[in-house]
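User: Please take a close look at the loop residues with unusual backbone angles, and then at the open sheet and how its strands are ordered and paired.

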Amino acid sequence: MSLILGAQSAVATGYSIDNSVKFDSGASADMVRVISTDGDTLKLTFNCWIKRSHIPDDTKNIITNKNVAGTRVFTFGWLGGSHTERLLLYNYDGSGEDNKRTEQAFKDTSGWYNYHFIWDSANGDSTLRSRLFVNGTEVTVWDENDEPPLNDECMLVAGTQCPEITLGSRIHNDTYFDGYMAQPILCDGQAYLPTKFGEFNEDSPTIWQPIDPADGSLSFGTHGFWLDFKDSADLGADVSGEGNDFTPTGIVAADQATDTPTNNFATWNNLYMPTANRPVFSEGNCKVLTSASGNWGSASTWGMSAGKWYAEFEAVSASNTPSVGITASGTKHAYSNIWVGNLLYDYAYFNDGSTYNNNSQTSSWGDTYTAGDIIGVALDLTNLKLYFAKNGTWQDSGDPTSGATGTGAAYTIAAPAQTPDEGVSEGTGEYFFACSDQSSGSDTWAANFGGCPSFTVSSGNADENGYGNFEYTPPSGYLALCTKNLGSDGG
């Protein structure tokens, strides 16, 4: 299976991060902790795992603090405008700016990044006073690099001047972070190297993976914290022992995710998109509003070339002939104004109950569906069969466990190896989950790949390996599209 761990996401190890939190700018989501005293403004460490949901045109921040007048500011995130893919580490203490902006772009929305910065302004070596590491490797090439003066104060923990530490902050023009955040840790008064928080995998030495922070070696200090997001009823709970809890806004229990650096899940792919008439993504790239102009759609971040896979899709709206299914052309629908079901290696289920492949319709195949219905898709690449369910009922009396018999399968599909490999605009020797509409209006599809459902799940069903959170039970042998299922019976 040609699945990659994007952004050097970690592989399954002895230590697992169980949960993350989904931040959605549409909900004005952030977490705030009010402070009134100073921590160690000369020395601190911050480490956090991030999976971005979209590359913004404006500033999006991971962690910030500022005073009311905005004359003293600390921020760490992505700068807007012409630098939307560059990380910014910025501190202004009222007398001078310390501005570090990376030259390297960080725009992978399919995987996890580990970001680690150190503030150590009392260090006699000016090059060691402000440092940034990404996936365990120090950033040494900068688009802009202002080293802090000796003993320069960091405003992040300067509570007497800046009263709110904010995660996913709104510090610039009320803009909010979009994506998933896992295991944010602040150590106030310590200049720890990233090896306190992670290590390179011994079998895949370019992959950075987390290690257990609970080994007792971390000192958190006055304003330090560690959020593990394990308690869905109290997602802002600090588990460091310091009691430095955060107050979430625009974040609810359903925003707790199992999409983490040690078990990365597929989402909709928002990178390969047209410059005009773009679909609109939200809810951690698990909800997409198709374009009102044309038939633009989207496909999953990962392709599948072996095994058996299951996902669910809610038709949030269904007024413009929506379709859902699989495609071997994971990016062509984004660029070419083509609905899913139009191409040779598209296999789709439309809301009028028909199925489509290669622009050929099978009328009255299954039930019609409308807004609020959940379509299950079971892809059997062992026997080359595709099945669709409506609200838990497999259509045409389908039996996804029937193997080569293919009882009630919507289609017998072409082998992935037979699909064209003609670059990003055509097939790639694998299939992707996909959705679209077929008219000039727009529709919304909410995907559930298992990591963080973008629609309400009332039942809660995992696959047979214990992964995913689905409304309906995946058929026996079918797995959620996540990294911990790689190498199992799923491929």
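Analyst: **Two loop residues and an open sheet**

Asn 359 is found in the loop between strand S25 (355–357) and strand S26 (360–362), where a strand is a DSSP run of E with at least two residues, numbered from the N terminus. The model is predicted, so local features need pLDDT of at least 70 and side-chain atom pairs count only at pLDDT 80 or more, while totals for chains, interfaces and linings use all residues. Residues are numbered from 1 along each chain as its sequence is written, and side-chain values use heavy atoms, with hydrogens and water left out.

Most residues other than glycine have a negative phi. Asn 359, although not a glycine, has a positive phi of about 65°, and Phe 229 likewise is not a glycine but has a positive phi of about 60°. Phe 229 lies in the loop between strand S16 (225–226) and strand S17 (247–249). Phe 229 counts as buried because its relative accessibility is 1%, whereas Asn 359, at 47%, counts as partly exposed; buried means under 20% relative accessible area, exposed over 50% and partly exposed in between, with a 1.4 Å probe and protein chains only.

Strand S17 also belongs to an open sheet of 8 strands, ordered S11-S7-S6-S5-S4-S12-S2-S17 with antiparallel pairing, two strands being paired if DSSP finds at least two bridges between them. Strand S11 (142–145) and S17 stand at the edges with a single partner strand each, so one side of each has no neighbour in the sheet. Neighbouring strands of this sheet are turned by 10° against each other on average, direction ignored, with axes fitted to C-alpha atoms and angles running from 0 to 180 degrees between N-to-C directions. Within the sheet, 2 bridges join strand S4 (residues 60–66) to the antiparallel strand S12 (residues 164–167), and Ile 63 stands opposite Leu 167 in S12.

Key
Helix = DSSP H or I, 4+ residues; strand = E, 2+ residues; numbered from the N terminus.
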